[in-house]
Amino acid sequence: MIRSVVRSVGKSLPRRVMKNTDFEGVLETSDAWIVQRTGITQRYIAADDETTASLGEAAARAALDAAGLTVDDIDLIVLATSTPNNTFPATAVEIQERLGMRHGFAFDMQAVCSGFVYAINTADLHIRGGMVKRAIVIGSETFSRILDWQDRGTCVLFGDGAGAVILEAGEGEGTIADRGILAASLRSDGSHREKLYVDGGPSTTGTVGHLRMEGREVFKHAVGMITDVVESVFAQAGITAEDLDWFVPHQANKRIIDASAKKLGIAEEKVVITVDKHGNTSAASVPLALCEGVETGRIKPGDLVLLEAMGGGFTWGAVLVRW
């Protein structure tokens, strides 16, 4: 059977690093307060000449270089983002043009922080359906553009960046030993919309708006929802937490990550953490963490890797991959 195998990863981060101490004297907050509640020590903030498209392009090029491929080898680009360069066309099409790709197709996917998990599952379906042979799946965000910098409950949490993964068709035996994507579970529930949203848009206010969040409500639902999709993936694959080599969760808040891993029975040493240096980069969060795991030599061929995310909507999902 056809499996979607990970060929390579790539990332791109803005030039500017913003430390927690940069907020002191501007907001009623401190480095100690932010670290205690979130685990974040710094984040990257895009300059005027750094956009979702430029960061996404750079991450895609890094993944292509790592794979020894060119854009001629790619059939599809799926970009997960909540901060597109324009209302339309899709920012994925701009990245396609920036890469010099004149064939195939490209589109954006919007599921907020769950966007990359949704996008990689969508690319997997295109590959397994035989429509494409290789796809670049990108998570790229410039959340700094939609933050209210006077709201200490949100502006200290988010950062900018991009990560990319190249998937390609591979042959599998239909067992858990196969390389590639093995199982996935996606969910959403629109009744939670007002707990995490942006208060603007073309069809309502005609403005971009700012991010608004009920932090305690998000935290309250996060662990249970994450557990829901992860247990679904475990059941599909016939595995338990002990079988995992690595858990790569959405990097929103270290307390959520720790609580989720504990409830799922995933050992602390198997969790890839990057929230401390990236903050919450929404759809870029999971691919940036994957890059960290690969670059540090932790994630290796043959490893069983669990990806998970939850975002506004609410949306949430998990994907199991044999590296």
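In this predicted model, helices H2 and H3 are oblique to each other, because the angle between them falls outside the ranges that count as roughly parallel, perpendicular or antiparallel. The angle at which H2, spanning residues 52–67, packs on H3, spanning residues 91–98, is about 55°, and the two axes lie 9 Å apart. The handedness of this crossing is right-handed. On the side of H2, the contact is formed by Thr52, Ala53, Ser54, Gly56, Glu57 and Arg61, and on the side of H3 by Thr91, Glu94, Ile95 and Arg98. By residue class, this contact of H2 with H3 comprises 2 nonpolar, 4 polar and 4 charged residues.

From H3 the description passes to the strands beside it. H3 lies across E4, E5 and strand E6, the last of these covering 134–142, and H3 runs at about 140° to E5. Helix H3 also belongs to the connection between two of these strands: the chain leaves E4, passes through H3 and enters E5, giving a β-α-β crossover that is right-handed. Strand E4 covers residues 76–80 and strand E5 residues 105–109, and the two pair in the parallel sense over 5 bridges. Within this pair, Ala80 is placed opposite Met109 of E5.

E4 and E5 are part of an open sheet of 5 strands, arranged in the order E1-E7-E6-E4-E5 with mixed pairing. In general, the strands of a sheet pair through backbone hydrogen bonds, in either a parallel or an antiparallel manner. At the edges of the present sheet stand E1, residues 2–12, and E5, each of which pairs on one side only. From one strand to the next, the twist averages 20°. At the E1 edge, the neighbour is E7, residues 160–171, and E1 and E7 pair in the antiparallel sense over 10 bridges. Val6 stands opposite Leu167 of E7.

A further open sheet contains 4 strands in the order E8-E13-E12-E11, and its pairing is likewise described as mixed. Its edge strands are E8, residues 180–188, and E11, residues 246–249, each pairing on one side only. Between neighbouring strands of this sheet the average turn is 10°, with direction ignored. E12, residues 304–311, and E13, residues 315–322, pair in the antiparallel sense over 8 bridges. One residue pairing in this arrangement joins Leu307 to its bridge partner Val319 in E13. Helix H4, formed by residues 115–128, lies across E8, E12 and E13 and runs at about 130° to E8.

Another helix pair consists of H6, residues 215–237, and H7, residues 254–264, whose axes come within 10 Å and cross at roughly 40°. This angle makes H6 oblique to H7. The crossing of H6 and H7 is right-handed. From H6, the residues Phe219, Ala222, Val223, Gly224, Ile226, Thr227, Val230 and Glu231 meet Arg255, Ile256, Ala259, Ser260, Lys263 and Leu264 from H7. The residues of this contact of H6 with H7 divide into 8 nonpolar, 3 polar and 3 charged.

The backbone of the loops merits separate attention. As a general matter, most residues other than glycine have a negative phi, and most peptide bonds are trans. In the model, the peptide bond from Phe88 to Pro89 is cis, with omega near 5°. Pro89 is located in the loop between E4 and H3, and E4 and H3 are elements of the right-handed crossover that leads on to E5. A cis peptide bond also joins Gly313 and Phe314, where omega is about -15°. Phe314 is situated in the loop between E12 and E13, the strands that pair in the antiparallel sense over 8 bridges. Val112, a residue other than glycine, has a positive phi near 55°. The position of Val112 is in the loop between E5 and H4. Of the two elements that flank this loop, E5 is an edge strand of the sheet with E1, whereas H4 lies across E8, E12 and E13.

Definitions and conventions: Residues are numbered from 1 along each chain as its sequence is written. This is a predicted model: local features need pLDDT of at least 70, side-chain atom pairs count only at pLDDT 80 or more; totals for chains, interfaces and linings use all residues. Side-chain values use heavy atoms; hydrogens and water are left out. Axes are lines fitted to C-alpha atoms, for helices over the stretch in contact, and angles run from 0 to 180 degrees between N-to-C directions. Angles under 35 degrees count as roughly parallel, over 145 as roughly antiparallel, 65 to 115 as roughly perpendicular and the rest as oblique. A crossing is left-handed if the near helix is turned anticlockwise from the far one by less than a right angle, and right-handed if clockwise. Contact means heavy atoms within 4.5 Å. Ala, Val, Leu, Ile, Met, Phe, Trp, Tyr, Cys and Pro count as nonpolar, Asp, Glu, Lys and Arg as charged, and the others, Gly among them, as polar. Two strands pair if DSSP finds at least two bridges between them. A crossover is right-handed if, with the strands pointing away from the viewer, the path from the first strand over the helix to the second runs clockwise.
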